[in-house]
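Colleague: I should like to learn how the features of a protein model are read. Could we work through one case together?

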Amino acid sequence: MSRNLTTDLAADLRNRIVDGAIQPGEKLPSENTLISEYGVSRTVVRSALTRLQAEGLVETERGRGSFALTPPDDGPVHAPGARAVATMEDRLQMLDFRIGVETEAAALAARNHSERQLKAVQGALEQFTASSGHPAHAMKADFEFHRAIAAASGNPFYSDCISALGQTMITMPRPRLVSSNEPDSPERFAQVVHEHSSIYQAIAEADPGAAAAAMRLHLSNSRRRFKASARG
C-alpha cells in the first residue's frame with residue numbers, strides 16, 4: 001500500500017513539474033502540506049521526493065525544503081540503479097566525479113572535434129551567455145555546453161555518461177537557480193561565462209593541455225562556489 005501511495009504522489013508532483021505548474025527554482029509544498037493535502041505519512045512524502053531527486057526533477061536542501069529543477073526535454077529518465085543527488089555531500093561527490101571525467105573529455109575534444117561539434121559547443125556557450133537572469137534557461141544551456149564537449153571528445157562513452165547524468169549534474173548555487181537580487185550574482189554569472197569561454201577557446205585552438213586545465217579550473221571553482229552558497 002505504501003509503495004502505491006508513494007508512486008501516486010511522485011507521479012502527481014512529477015506532472016506538476018513537467019507541466020509547469022511548479023516552475024524551475026520554485027519551492028515545492030512543505031512535507032506537512034503534502035501530508036495534509038494527500039493524506040499520507042511523512043515516510044511516503046520523503047520516498048516520493050527521493051524518487052524525484054533520482055530523476056533529476058527535484059533538489060532538496062536540508063533546512064530549506066525541496067525545489068523543482070528544469071525537467072529534461074523528453075521527460076524524466078528512469079535509469080536502472082539511478083543514484084539520487086540530494087544532499088550537499090552528494091553534489092560535492094558529483095563534482096569530484098565530473099572533474100575526473102570532464103577534464104579528460106575536454107582534452108580529447110581539443111584533439112578530436114569536428115567543425116560541426118565545435119559549432120555545437122560554441123552554440124551552447126552563446127545560449128548560456130544569453131541566459132543571464134533566466135535560471136531555468138541557464139541550467140539547460142550549462143548542461144548542453146558540457147554535453148557538447150563530451151560529444152566532441154570522439155568517445156561515445158563520455159557522451160553517454162554525461163547524457164545519463166542529466167541536468168541534475170549541474171550544481172547551481174541557490175542564487176543562480178532561484179532568481180536573486182544578491183549584489184554578487186551578476187559577477188558570479190560573468191565568472192562562469194568566462195570559465196566556459198576559456199574552455200571553448202582551448203578546444204577551438206586544439207590545445208588539449210589548456211582545455212583540460214580550463215575544465216579542471218572551472219569545475220574546481222564550481223565546487224568552491226557551491227560550498228560557499230551552501231554555507232550561506
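The dialogue below moves from the overall fold to cores, ring pairs, salt bridges and backbone details.

Colleague: What does the chain contain in helices and strands, and in which pattern?

Modeller: Please note at the outset that this is a predicted model. The chain has 10 helices and two strands. Along the sequence they follow the pattern α-α-α-β-β-α-α-α-α-α-α-α.

Colleague: What share of the residues counts as buried?

Modeller: Of 232 residues, 45% are buried. The accessible surface amounts to about 11400 Å², and carbon and sulfur atoms account for 51% of that surface. As for contacts with a sequence separation of 6 or more, 72% of them are between residues 24 or more positions apart.

Colleague: How should I read a nonpolar core, and which residues touch the most other members of the largest one?

Modeller: The general idea is that in soluble globular proteins, nonpolar side chains tend to be buried together. Here the largest nonpolar core has 21 residues, and Phe145, Ile149, Ile199 and Ile203 touch the most other members. At least two residues of this core come from each of H4 (88-112), H5, H6 (135-152), H9 and H10. Helix H4 gives the most, namely five residues. Another core, of 16 residues, lies apart from this one and includes Ile22, Val40, Leu57 and Ala68.

Colleague: With which residues is Ile199 in contact, leaving aside neighbours within four places in sequence?

Modeller: Ile199 is in contact with Phe145, Ile149, Ala214, Met215 and His218. Ile199 is also one of the buried residues of H9, as are, among others, Phe189, Val192, Val193 and Ile203. Polar and charged names occur in that buried set too, including Ser185, Arg188, Glu195 and His196.

Colleague: What span should H9 have, and what distance separates its end C-alpha atoms?

Modeller: H9 has 20 residues, so at 1.5 Å a residue a span of 28 Å is expected. The end C-alpha atoms are 29 Å apart, which agrees.

Colleague: How is a pair of aromatic rings read, and how many such pairs are there?

Modeller: A pair of aromatic rings is described by the distance of the centres and the angle of the planes. The count in this structure comes to one aromatic pair. The ring centres of Phe128 and Phe189 lie 4.9 Å apart with the planes at 25°, so this pair is stacked; the cut-off for stacking is an angle under 30 degrees. The pair links distant parts of the chain, with Phe128 in H5 (residues 115-129) and Phe189 in H9 (residues 185-204), 61 residues apart.

Colleague: Are these two rings on buried or exposed residues?

Modeller: Phe128 counts as buried at 0% relative accessibility. Phe189 is buried as well, with a relative accessible area of 10%.

Colleague: Let us turn to charged side chains. How many salt bridges does the structure hold?

Modeller: Side chains of opposite charge can pair when their charged atoms come close. This structure holds 10 salt bridges. One of them joins Glu31 and Arg42, at 2.9 Å from N to O. That pair links distant parts of the chain, Glu31 in H2 (residues 31-38) and Arg42 in H3 (residues 42-54), 11 residues apart. Glu31 also forms a salt bridge with Arg46, whose closest N and O atoms are 3.0 Å apart. Since Glu31 lies in H2 and Arg46 in H3, this pair ties together parts 15 residues apart in sequence.

Colleague: How accessible are Glu31, Arg42 and Arg46?

Modeller: Glu31 is partly exposed at 23% relative accessibility. Arg42 is partly exposed at 35%, and Arg46 is partly exposed at 46%.

Colleague: Where do Glu102 and Arg98 lie?

Modeller: Both lie in helix H4, four residues apart, or about one turn of the helix. Their side chains meet in a salt bridge of 2.5 Å, N to O. Glu102 and Arg98 are both buried. Elsewhere, salt bridges that share partners join Asp12, Arg16 and Glu37 into one network.

Colleague: Finally, which residue following H9 has a positive phi?

Modeller: That residue is Ala206, with a positive phi of about 55° although it is not a glycine. Ala206 lies in the loop between H9 and H10 (208-231) and is partly exposed, with a relative accessible area of 46%.

Notes:
Residues numbered from 1 in each chain as written. Predicted model: local features only at pLDDT ≥ 70, side-chain atom pairs only at ≥ 80, totals over all residues. Heavy atoms only, no water. Phe/Tyr/Trp six-rings, centres within 6.5 Å; stacked < 30°, edge-to-face > 60°. Buried < 20%, exposed > 50% of the residue type's maximum accessible area, 1.4 Å probe, protein only. Expected span 1.5 Å × (residues − 1). Core = buried A, V, L, I, M, F, W, Y, C linked by side-chain atoms within 4.5 Å. Contact = heavy atoms within 4.5 Å. Areas by Shrake-Rupley, 256 points an atom, 1.4 Å probe, with all protein chains shown as cover. Salt bridge = Lys/Arg side-chain N within 4 Å of Asp/Glu carboxyl O.
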